[in-house]
Amino acid sequence: MPVLPLPANEEGRIASLQSYHIFDTGEEKDYDDLTSLASAICQIPIALITFIDEKRQWFKSHHGTDFTENLRELSFCTHAIASSDEIMIVPDATLDERFADNPMVTGPTHVMFYAGVPLVNEDGFALGTLCLLDQQTHTLSLQQIEALKTLARQVVDKVELRRKVMSLEKANKELLNSNVLIQKFAAMAAHDIKNPLSGILLTSQALKMRFEKLQDESCMRLVDLNITSANSLIDLLDDMLAYSKTPSLLLAKKQQFYLNSLIKNLKTLLPVPENVVINLPEENNNLYLSVIAFEQIMINLLSNAIRYNDKEISVITIRFEQDNNFYRFEVEDNGIGIDEQHHKKIFENNFTLKIADRYNKKGSGIGLSTVKDLVTALDGTIYVNSKPGQGSTFFIEIKK
């Protein structure tokens, strides 16, 4: 028997074939319908959808025969996938030197006629064939040949869809696992932070009782500030715990709040140096949004405005306006500014300007990316207008 031909880049073809995980899968009506249709159109009794690996030819669908696989060296389809032709037709195998001595021809199966269309995937690899077999000689009309090619493309579409679905399922599983890990980490971190905070709160309350007896008003004010900050942080951690168990609450749970009051509370959670001035809108506007999501947005923007400022007096100005459909915010600072080429990149995950802040620390590239994600989730948009040395203004628009 002549040496079997191999397709170009056989190693790549095998690797591509394996990515479909289709070998030894169960029967599927969609594939059986295609072989049944091929048999009826061409009036040939046996129609197969085959895939060929290193050693065997396996039949995904086998109309007109009970065979489910064959040895690769006996397979007519091995020649078809090695050919550059769109279809290989053998009218009489007994007269073809490639197959005259093949046991499939000389043995009980007595194959005489063969027609096979290679199943070429989107990467250009022939994975197998849609083929026809008979114990009699035949000729196919041009219409039958074109129909066979069309059906072969349908087979390729189905296996490509199968691979894409498996890839999406794998990605979805990895995403779910990642979300579970993040939720567990958030819950663990919140618990770990809450325990010492509760201790600080109890200690502060004990100190307050002592200072009340001593009538030390200045110390009383400091202790009251400490208690207020601790309570705010504990409330925030309680929200984090709730959202770690049910992430959808982060955006679904909307509340009424006053903008200026919320920002004043946030200032107690941030290290605000004495040379930093934060100007609020003249009116204490009432908003209806996800409080925790909006808090995270404002904490990040205010923190950046404080950290990346080299002026003697740092000025941060928050502006607000609204109409029937949108809330609009501006957070302006007179800091170091951002070059125009980076205006979009700063919202990408892990992108940093590699510039140290006033505390000689560099950013992680996570903050503004998270801000953009939160704004987008709130059905909003964010962009920046900035020039180096002249400060930055972040514009946020959120749908009501």
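Which helix is Thr78 found in? Select Thr78 and you will land in α3, the helix that spans residues 77–82. Before going further, keep in mind that this is a predicted model.

**The whole chain**

Zoom out for a moment and show the chain as a cartoon. You should see 10 helices and 13 strands. The chain has 400 residues, and 42% of them count as buried. Now think about contacts between residues with a separation of 6 or more: 65% of these join residues 24 or more positions apart. If you switch on a surface, the accessible area comes to about 22300 Å², and carbon and sulfur atoms account for 54% of that.

**Stop one: Thr78 and Thr50**

Go back to Thr78 in α3. Thr78 counts as buried because its relative accessibility is 1%, and the cut-off for buried is under 20%. Show its surroundings, leaving out neighbours within four places in sequence, and you will find Leu4, Pro5, Ile52 and Arg72 in contact with Thr78. For a distance to draw, pick the C-alpha atoms of Thr78 and Phe51: they are 9.7 Å apart in space, with the two positions 27 residues apart in sequence.

Next, select Thr50, which lies in strand β1. Thr50 is buried too, with a relative accessibility of 0%. Its list of contacts, not counting residues up to four places away in sequence, takes you to several parts of the chain: Gln57, Trp58 and Phe59, then Cys77, then Leu119, and finally Leu127, Gly128, Thr129 and Cys131.

**Stop two: three positive phi values**

Here is a short detour for anyone who likes backbone angles. Most residues other than glycine have a negative phi. Select His21, whose phi is positive, near 50°. You will find His21 in the loop between α1 (10–18) and α2 (29–42). His21 is exposed, as its relative accessible area is 55%.

Move along to Gln43, in the loop between α2 and β1 (46–52). Gln43 is not a glycine either, and its phi is positive at about 55°. With 59% relative accessibility, Gln43 counts as exposed.

The third residue to select is Asp379, just after α10, where phi is positive at about 65°.

**Stop three: α8 against α9**

Now select residues 259–267 for α8 and 291–307 for α9. The two helices pack at an angle of about 60°, and their axes are 11 Å apart. That angle makes α8 oblique to α9. The crossing is right-handed. To see the contact itself, show side chains for Leu259, Leu262, Ile263 and Leu266 on α8, and for Val291, Phe294, Glu295, Met298, Ile299 and Leu302 on α9. Colour them by type: nine of these residues are nonpolar, one is charged and none is polar.

**Stop four: α9 against α10**

Keep α9 selected and add α10, residues 367–377. The axes of α9 and α10 come within 10 Å and cross at roughly 145°. In this pair the crossing is left-handed. On α9, the residues to show are Ala293, Gln296, Ile297, Asn300, Leu301 and Asn304, and they meet Gly367, Leu368, Val371, Leu374 and Val375 on α10. The contact of α9 with α10 divides into seven nonpolar residues and four polar ones, with no charged residue.

While α10 is on screen, pick out its buried residues: Leu368, Ser369, Val371, Leu374 and Val375.

Then select Ser303, back in α9. Ser303 is partly exposed, with a relative accessible area of 22%. Draw a line from its C-alpha atom to that of Gly367: the separation is 9.9 Å, although the two are 64 residues apart along the chain.

**Last stop: Tyr383**

Finish in strand β12, residues 380–387, by selecting Tyr383. Is Tyr383 buried, partly exposed or exposed? Its relative accessibility is 46%, so Tyr383 counts as partly exposed. Not counting residues up to four places away in sequence, Tyr383 touches Phe347, Thr393, Phe394 and Phe395. Phe347 is also a good partner for a final distance: its C-alpha atom and that of Tyr383 are separated by 8.8 Å, with the two residues 36 apart along the chain.

Technical notes. Residues numbered from 1 in each chain as written. Predicted model: local features only at pLDDT ≥ 70, side-chain atom pairs only at ≥ 80, totals over all residues. Heavy atoms only, no water. Helix = DSSP H or I, 4+ residues; strand = E, 2+ residues; numbered from the N terminus. Buried < 20%, exposed > 50% of the residue type's maximum accessible area, 1.4 Å probe, protein only. Axes fitted to C-alpha atoms, helices over the stretch in contact; angles between N-to-C directions. Parallel < 35°, antiparallel > 145°, perpendicular 65-115°, else oblique. Left-handed = near helix turned anticlockwise from the far one by under 90°. Contact = heavy atoms within 4.5 Å. Nonpolar A, V, L, I, M, F, W, Y, C, P; charged D, E, K, R; others polar. Areas by Shrake-Rupley, 256 points an atom, 1.4 Å probe, with all protein chains shown as cover.
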